[in-house]
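Ready for a few short exercises? Have the sequence and the model open side by side, try each task yourself, and then follow the worked solution.

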Amino acid sequence: PTFTMLMEVALYAIPFGSPAWRCNLANAFIGALACGVMCAAGFRLTSMRNPWASASMSLVWGFMRGVSLYAVSAEVFALNNLLVSSICLMLLELTSAVESRHSDQRVTFLARAGAF
């Protein structure tokens with residue numbers, strides 16, 4: 001249902017092209033967002049020391065056959081990739097917050113957002 005609702009928004013938000021083209025464009029945008037979130041997760045994983053490693057990791061992941069094939073057609077897999085990469089980023093943020101003993105509010109927020 002989430003994917004269908006997002007594609008409905010894309011049909012109204014993009015004023016040109018056929019409906020299939022608009023849905024494919026929105027799906028490509030979701031796939032690009034997934035690559036960006038994966039890059040942020042890699043940046044966090046390398047402790048913010050090596051941005052080139054995280055950028056190359058997300059590019060290699062984004063151009064993999066299975067990821068790029070389903071990012072350019074109206075399939076639910078790009079949204080799944082976005083959600084999984086967001087969960088990975090939240091898990092890395094939560095681990096960092098717990099290790100550096102940040103406020104309990106931030107840890108609670110990240111834990112609840114990840115559980116949601």
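Two residues are in contact here when heavy atoms of theirs lie within 4.5 Å. Keep in mind throughout that this is a predicted model.

**Exercise 1. Place Val37 in the fold**

Task: find the element that holds Val37, decide whether Val37 is buried or exposed, and list what Val37 touches beyond four places away in sequence.

Solution. Begin with the element: Val37 lies in helix α2. Next, take the accessibility. Buried means under 20% relative accessible area, and Val37 has 18%, so Val37 counts as buried. Then look for contacts, leaving out residues up to four places away in sequence: Val37 touches Leu82, Ser85, Ser86 and Leu89. One of these partners deserves a second look. Ser86 is 49 residues from Val37 in sequence, yet their C-alpha atoms are 6.3 Å apart in space.

**Exercise 2. Survey the whole chain**

Task: say how many helices and strands the chain has, and what share of its residues is buried.

Solution. Count the elements to get six helices and zero strands; from the N terminus on, the order reads α-α-α-α-α-α. Now for burial: 26% of the 116 residues count as buried. For the overall extent, a box along the principal axes that holds the C-alpha atoms is roughly 50 × 30 × 20 Å. The accessible surface comes to about 7800 Å², and carbon and sulfur atoms own 70% of that. Finally, take the contacts with a separation of 6 or more: 52% of them join residues 24 or more positions apart.

**Exercise 3. Compare two helix pairs**

Task: describe how α2 packs with α1 and with α3.

Solution. Start with α1 (residues 2–13) and α2 (residues 19–45), whose axes are 9 Å apart at an angle of about 115°. Their crossing is right-handed. On the α1 side the contact uses Phe3, Leu6, Met7, Ala10 and Leu11, while α2 supplies Pro19, Arg22, Cys23, Ala26, Asn27 and Ile30.

Move on to α2 and α3 (residues 51–62). Their axes come within 8 Å and cross at roughly 145°, and this crossing is right-handed too. The α2 residues that take part are Ala34, Cys35, Met38, Cys39, Gly42 and Phe43. They meet Pro51, Ser54, Ala55, Met57, Ser58, Trp61 and Gly62 of α3.

**Exercise 4. Work through Ser68**

Task: is Ser68 buried or partly exposed, and which residues does Ser68 touch beyond four places away in sequence?

Solution. Locate Ser68 in helix α4. With 27% relative accessibility, Ser68 counts as partly exposed. Its contacts, again without residues up to four places away, are with Gly62 and Phe63. For a longer step along the chain, go to Ala32, 36 residues from Ser68: the two C-alpha atoms are separated by 9.7 Å.

**Exercise 5. Look at the surface**

Task: name the residues of the nonpolar surface patch of about 330 Å², then check how exposed Val76 and Val9 are.

Solution. The patch is made by Leu69, Tyr70, Val76 and Phe77. Of these, Val76 sits in the loop between α4 (65–71) and α5 (77–99) and is partly exposed, with a relative accessible area of 41%. Turn next to Val9 in helix α1. Val9 has 53% and is exposed. As a last check, compute the distance from Val9 to Gln105, 96 residues apart in sequence: you should find 33 Å between the C-alpha atoms.

Technical notes. Residues numbered from 1 in each chain as written. Predicted model: local features only at pLDDT ≥ 70, side-chain atom pairs only at ≥ 80, totals over all residues. Heavy atoms only, no water. Patch = residues over 30% accessible without salt bridge, like charges linked within 9 Å, V, L, I, M, F, W, Y side chains within 5 Å. Areas by Shrake-Rupley, 256 points an atom, 1.4 Å probe, with all protein chains shown as cover. Salt bridge = Lys/Arg side-chain N within 4 Å of Asp/Glu carboxyl O. Helix = DSSP H or I, 4+ residues; strand = E, 2+ residues; numbered from the N terminus. Buried < 20%, exposed > 50% of the residue type's maximum accessible area, 1.4 Å probe, protein only. Axes fitted to C-alpha atoms, helices over the stretch in contact; angles between N-to-C directions. Left-handed = near helix turned anticlockwise from the far one by under 90°.
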